[in-house]
Amino acid sequence: MTVRRRPSAPDAVSLACVIGLAVGAFRAGDCLAVQRGAVVRDSAGIRIVENRDPRWPPGAGWRIGTEPSLAIGTALGDEPYLFQRIVAARRLGGGAVVVAESGAGELRFFDRDGVFLHAAGGAGEGPGEFRFLSAAWTWSDTIAAYDNALLRLSVFAPDGGLVGTHSFRPAEGAGRPAAQMRFEDGTLLVLSAPSGMVPTGRGLLEGAAWRLDRYARDGTFLGEIAPLRESTRWGHDISGLPPMYLPLSLGLGLFASAGNAVYAGDGVEPSIRRLENDGTVTDLIRWPAPERRVTEGDKSRYRTANATPPPAFHPDAWSRYLREVPFPAAMPTYSRLVVDAGGGLWARRFTAPGEESSAWYVFAEDGVWLGEVDMPRGVRVLEIGADYVLGVRVEHLGVASVVTFPLHRDDP
């Protein structure tokens, strides 16, 4: 296993900073800091954090408990505890939890012990109802939920009462808007779909261009933050199958938000950008991650894991797809981005079919690489608080539950 290196490798940056300052090629502000494991420098106003090693020494760092402190969900029982498709869950004041259950189009409220309190929303198109509940988030104890079919934001009080609704419209040159999160200044992060069709043709096709946009809460478009491109697709002549993403790729680029900032990356290279919500790039975080070349064994495991054709795809067409589809040369570095309650950035290490790793790269708010944290297996992380991780775990027979694990921030 090799480690990716670039012309601006961290050790080279350190030497360049020292030499550049000595000969006068750099200004004093160009090299901001050289600290254990990282070099921080300025490049045309962008703060670049070149991490060499994690700050935590081996065997030290944060830990996540192996057993959940709270679990909500059951295979049999009352309707509020039966989940079909959880799109979000957040902790409210006092330890209460709100769960956005898209299958039923509901927000379900539970107390700190996991006991059901009440629900809001429901299937429909009336005020506060949902046709396709796609996202939900909180600020203070106010809950916002977005309907990606009606293009409508609904705002609820902690008791489930409807505060108001706001309709959204596509920005010029963009497709359908999907609100994702609220910025600290009250504006919203919106993912805008491409305005055109899925790329067509034969061979390797560049993925479609999505956008991260900024909207006012009332649905008014304010400006573009950054483009977000899909992974490469494969164009073919297999009847009944659209152009597909290459295997072992991510599909859409990755992003997360905190405060008035957005973190974005393609997941392929071990680097992440930080942008203000006006689109200004402020930081670039890099770290050395092992490059994982795609082997024949990886291809075989992928074909085995995906042997069952997706719904509506003919088995013969799917079988031909698995035989003929080209694979990328290397796997992505990371597959998720989450910002925790303290402003720290977490990037989930990419795992291929058959792998059981659940490690996350963890970065401090200033972009310095702290180390890696192992997440409980089978948990899809939805929120990382000061002392907890909240997520969804799917057990055997597809039973989903909302779970909370304790997070121990034992800094060396």
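**View 1. Ser-401 sits in a strand, and a strand here is a DSSP run of E residues, at least two of them, numbered from the N terminus.** The model you are looking at is predicted. Zoom in on strand S33, which covers residues 400-408, and you'll find Ser-401 in it. Is Ser-401 buried or exposed? Its relative accessibility is 7%, and buried means under 20%, so Ser-401 counts as buried. Who keeps it company? If you skip the neighbours within four places in sequence, Ser-401 is in contact with Ile-72, Gly-73, Gly-391, Val-392 and Arg-393.

**View 2. Here is an open sheet of four strands.** Read across it and the order goes S7-S8-S9-S10, with antiparallel pairing. Which strands stand at the edges? They are S7 and S10 (116-121), and each has a single partner strand, so one side of each has no neighbour in the sheet. Going from one strand to the next, the twist averages 20 degrees. As a bit of background, strands of a sheet pair through backbone hydrogen bonds, and the pairing can be parallel or antiparallel.

**View 3. Now look at how S9 and S10 pair up.** S9 takes in residues 106-110, and its antiparallel pairing with S10 runs over five bridges. For a spot to find by eye, try Glu-106: opposite it, in S10, stands Gly-121.

**View 4. This is the largest pocket, with a volume of about 1,600 Å³.** It is lined by 50 residues, and the closest to its centre are Arg-90, Gln-180, Met-181, Ala-256 and Ser-257. Plenty of strands chip in: S7 (86-91), S11 (133-139), S15 (177-182), S16 (188-192), S22 (254-258), S23 (261-265), S27 (334-339) and S31 (379-384) each supply at least two lining residues. Which strand gives the most? That's S11, with six residues. Sort the lining by type and you get 29 nonpolar, eleven polar and ten charged residues.

**View 5. The second largest pocket holds about 250 Å³ of space.** Its lining is made up of 17 residues, and Arg-229, Gly-253, Gly-265, Asp-266 and Val-268 come closest to the centre. The elements giving two or more residues to this lining are S19 (221-229), S23 and S24 (271-276). S24 gives the most, with three residues. By type, the lining splits into seven nonpolar, five polar and five charged residues. You may recognise S23 from the previous view, where it supplies at least two residues to the lining of the largest pocket.

Terms used. Residues are numbered from 1 along each chain as its sequence is written. This is a predicted model: local features need pLDDT of at least 70, side-chain atom pairs count only at pLDDT 80 or more; totals for chains, interfaces and linings use all residues. Side-chain values use heavy atoms; hydrogens and water are left out. On a 1 Å grid over the protein atoms alone, a cavity is a set of points where a 1.4 Å probe fits but cannot get out, and a pocket is an open set with protein on both sides within 12 Å along at least five of seven lines; lining residues have an atom within 4 Å of a point. Grid points are joined across faces, edges and corners, and a volume is the space filled by probe spheres set on the points. Ala, Val, Leu, Ile, Met, Phe, Trp, Tyr, Cys and Pro count as nonpolar, Asp, Glu, Lys and Arg as charged, and the others, Gly among them, as polar. Buried means under 20% relative accessible area, exposed over 50%, partly exposed in between (1.4 Å probe, protein chains only). Contact means heavy atoms within 4.5 Å. Two strands pair if DSSP finds at least two bridges between them. Axes are lines fitted to C-alpha atoms, for helices over the stretch in contact, and angles run from 0 to 180 degrees between N-to-C directions.
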